[in-house]
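Here are a few exercises to help you find your way around a new model. Try each task on your own before you read its solution.

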Amino acid sequence: MTSMYLHVLSRLLRHTESVLKSAYLAFALTVLVWLQPSVQAWPWSWLVALSFVVIAVHHYLSIRVRFDAALLEHVAGMIDSGTSERSAMQMLDDSLVGLGLMDPSKEGRDWGLRLAGCRRLFRLQVVLLVLQYVMMVLV
């Protein structure tokens with residue numbers, strides 16, 4: 001894995017903030033439409049409640065994606081400054097396990113698995129954004 005790949009993926013993941021802001025806009029518009037006197041509130045209450053759950057999960061995912069982006073950027077910087085890829089990965093694993101953020105059984109995982117997980121979280125965040133807009137349109 002090259003450090004450039006880590007830098008590029010980190011930059012992509014940093015767009016999580018824009019995705020989250022757009023989701024909050026859709027959520028706010030959903031609630032505003034629901035609160036309009038011309039809208040029958042009762043039939044759509046379940047959809048607004050679901051929208052609240054989706055935005056909460058979305059916010060959590062955004063925190064995870066931002067954290068992953070920062071870690072990838074840091075590891076890429078370590079590799080750029082001469083630390084071997086293996087040493088950088090071991091230091092990352094030791095830190096995550098030490099903080100209780102990673103199960104010790106996951107230590108030493110392949111970069112491919114790690115980066116696929118980062119991409120999967122980001123894609124899930126985009127799916128939640130689309131779902132948020134669908135719910136807005138339905139209300």
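A salt bridge here is a side-chain nitrogen of Lys or Arg within 4 Å of a carboxyl oxygen of Asp or Glu. This is a predicted model, so local features need pLDDT of at least 70 and side-chain atom pairs count only at pLDDT 80 or more, while totals for chains, interfaces and linings use all residues. Residues are numbered from 1 along each chain as its sequence is written, and side-chain values use heavy atoms, with hydrogens and water left out.

**Exercise 1. Find the salt bridges in the whole structure, and say which helices they link.**

Step 1: count them. Searching the whole structure turns up three salt bridges.

Step 2: take Glu73 and Arg11, whose side chains meet at 3.3 Å, N to O. Glu73 sits in helix H3 (residues 41-80) and Arg11 in helix H1 (residues 3-13), so this pair ties together parts that are 62 residues apart in sequence. (Helices are DSSP runs of H or I with at least four residues, numbered from the N terminus.)

Step 3: check how open each partner is. Buried means under 20% relative accessible area, exposed over 50%, and partly exposed in between, with a 1.4 Å probe and protein chains only. Glu73 has 18%, so Glu73 is buried; Arg11 has 47%, so Arg11 is partly exposed.

Step 4: move on to Glu17 and Arg66, which form a salt bridge at 3.2 Å, N to O. Glu17 belongs to helix H2 (residues 16-35) and Arg66 to helix H3, 49 residues apart. Glu17 is partly exposed at 34% relative accessibility, and Arg66 is partly exposed at 47%.

Step 5: finish with Arg114 and Asp93, at 2.7 Å, N to O. Arg114 is in helix H5 (residues 111-138) and Asp93 in helix H4 (residues 85-98), so the pair joins parts that are 21 residues apart in sequence. Both Arg114 and Asp93 are buried.

**Exercise 2. Which helix gives the most to the largest nonpolar core?**

Step 1: pin down the term. A nonpolar core is a set of buried Ala, Val, Leu, Ile, Met, Phe, Trp, Tyr and Cys residues joined through side-chain atoms within 4.5 Å.

Step 2: look at its members. The largest core has 32 residues, and those with the most contacts inside it include Leu6, Leu72 and Trp111.

Step 3: see who contributes. H1, H2, H3, H4 and H5 each supply at least two residues of this core, and H3 gives the most, with 12 residues.

**Exercise 3. Is Gln125 buried or exposed, and which residues does Gln125 touch?**

Step 1: place Gln125, which lies in helix H5.

Step 2: read the accessibility. Gln125 has 0%, so Gln125 counts as buried.

Step 3: list the neighbours, where contact means heavy atoms within 4.5 Å. Leaving out residues up to four places away in sequence, Gln125 touches Thr16, Val19, Leu20, His58, Leu61, Ser62 and Val65.

**Exercise 4. How confident is the predictor across the chain?**

Step 1: recall that pLDDT is the predictor's confidence in each residue, from 0 to 100.

Step 2: take the chain as a whole. The average pLDDT is 90, and 96% of the residues score at least 70.

Step 3: go element by element. H2 has the lowest mean pLDDT, 89, and H4 the highest, 93.
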